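Dear colleague,

Here is the structure I promised to pass on to you. Please have it open while you read, as my notes follow below.

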Amino acid sequence: QLQLVESGGGLVQAGGSLRLSCAASEHAFSRYTMGWFRQAPWKEREFVAALSRSGGDTYYADSVKGRFTISRDNAKNTVYLQMNSLKPEDTAVYYCAAGAAVVGLIRNLNNYWGQGTQVTVSS
């Protein structure tokens, strides 16, 4: 069974940067479409970013486009989310996700989930 473990969350001032990591348990990591979601207090979990199995195609929510970058290292079974120019509204628990295809992952159809890592951005 696929297991995902996030790390790298923390407290940062507005305008700062943070890099999240997600380590997958399986050597077949490269077969999964990977992505990131986030959930702020009192809000539903929302899509943030995704990338193809090869890492060649990326997809971003409008709210983070130009500021966040998703990437993967299949040799290390790890996906990353580089977050720059952070805003207070980026404050949320960030979750790593894995799916069979990009469209299904973005729609949250049968995704695998990590445990989440807290990101707090102060104003």
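How many bridges join strand 7 to strand 8, and in which direction do the two strands run? Please bear in mind that this is a predicted model. Strand 7 and strand 8 (residues 78-83) run antiparallel and are joined by six bridges, and within this pairing Leu-81 of strand 8 is the bridge partner of Ile-70. In the hairpin that the two strands make, four residues lie between them, and Asn-77 takes a positive phi near 55°.

Strand 7 itself (residues 68-73) has side chains that alternate: Phe-68, Ile-70 and Arg-72 point to one face and are buried, whereas Thr-69, Ser-71 and Asp-73 point to the other face and are not buried. Such alternation between the two faces of the sheet is what a regular strand shows in general.

Turning to the interior, the largest nonpolar core holds 34 residues, and those with the most contacts inside it are Met-34, Trp-36, Val-79, Leu-81, Met-83 and Tyr-94. Among the elements that give two or more residues to this core are strand 7 and strand 8, together with strand 4 (33-39) and strand 9 (92-99). Tyr-94, leaving aside its neighbours within four places in sequence, is in contact with residues including Trp-36, Phe-68, Leu-81 and Met-83, and also with Glu-6.

Glu-6, which is found in strand 1 (residues 4-7), deserves a look of its own. Glu-6 is buried yet has no salt bridge, and the nearest side chain of opposite charge, that of Arg-45, is 7.3 Å away. The side chain of Glu-6 does, however, have a polar atom 2.8 Å from the backbone nitrogen of Gln-115, and it reaches the backbone nitrogen of Gly-116 at 2.9 Å. Not counting residues up to four places away in sequence, Glu-6 also touches Trp-36, Tyr-94 and Cys-96, among others.

Finally, two loop residues may be worth checking for their backbone angles, since most residues other than glycine have a negative phi. Ser-85, in the loop between strand 8 and strand 9, has a positive phi near 50°, and this residue is partly exposed, with a relative accessible area of 42%. Asn-110, in the loop between helix 1 (102-106) and strand 10 (112-113), has a positive phi of about 60° although it is not a glycine, and at 73% relative accessibility Asn-110 counts as exposed.

With best wishes

Key
Residues numbered from 1 in each chain as written. Predicted model: local features only at pLDDT ≥ 70, side-chain atom pairs only at ≥ 80, totals over all residues. Heavy atoms only, no water. Buried < 20%, exposed > 50% of the residue type's maximum accessible area, 1.4 Å probe, protein only. Pairing = 2+ DSSP bridges. Lys, Arg positive; Asp, Glu negative; His and termini not counted. Salt bridge = Lys/Arg side-chain N within 4 Å of Asp/Glu carboxyl O. Polar contact = N/O pair within 3.5 Å; in protein donor to acceptor, adjacent residues only side chain to side chain. Contact = heavy atoms within 4.5 Å. Core = buried A, V, L, I, M, F, W, Y, C linked by side-chain atoms within 4.5 Å.
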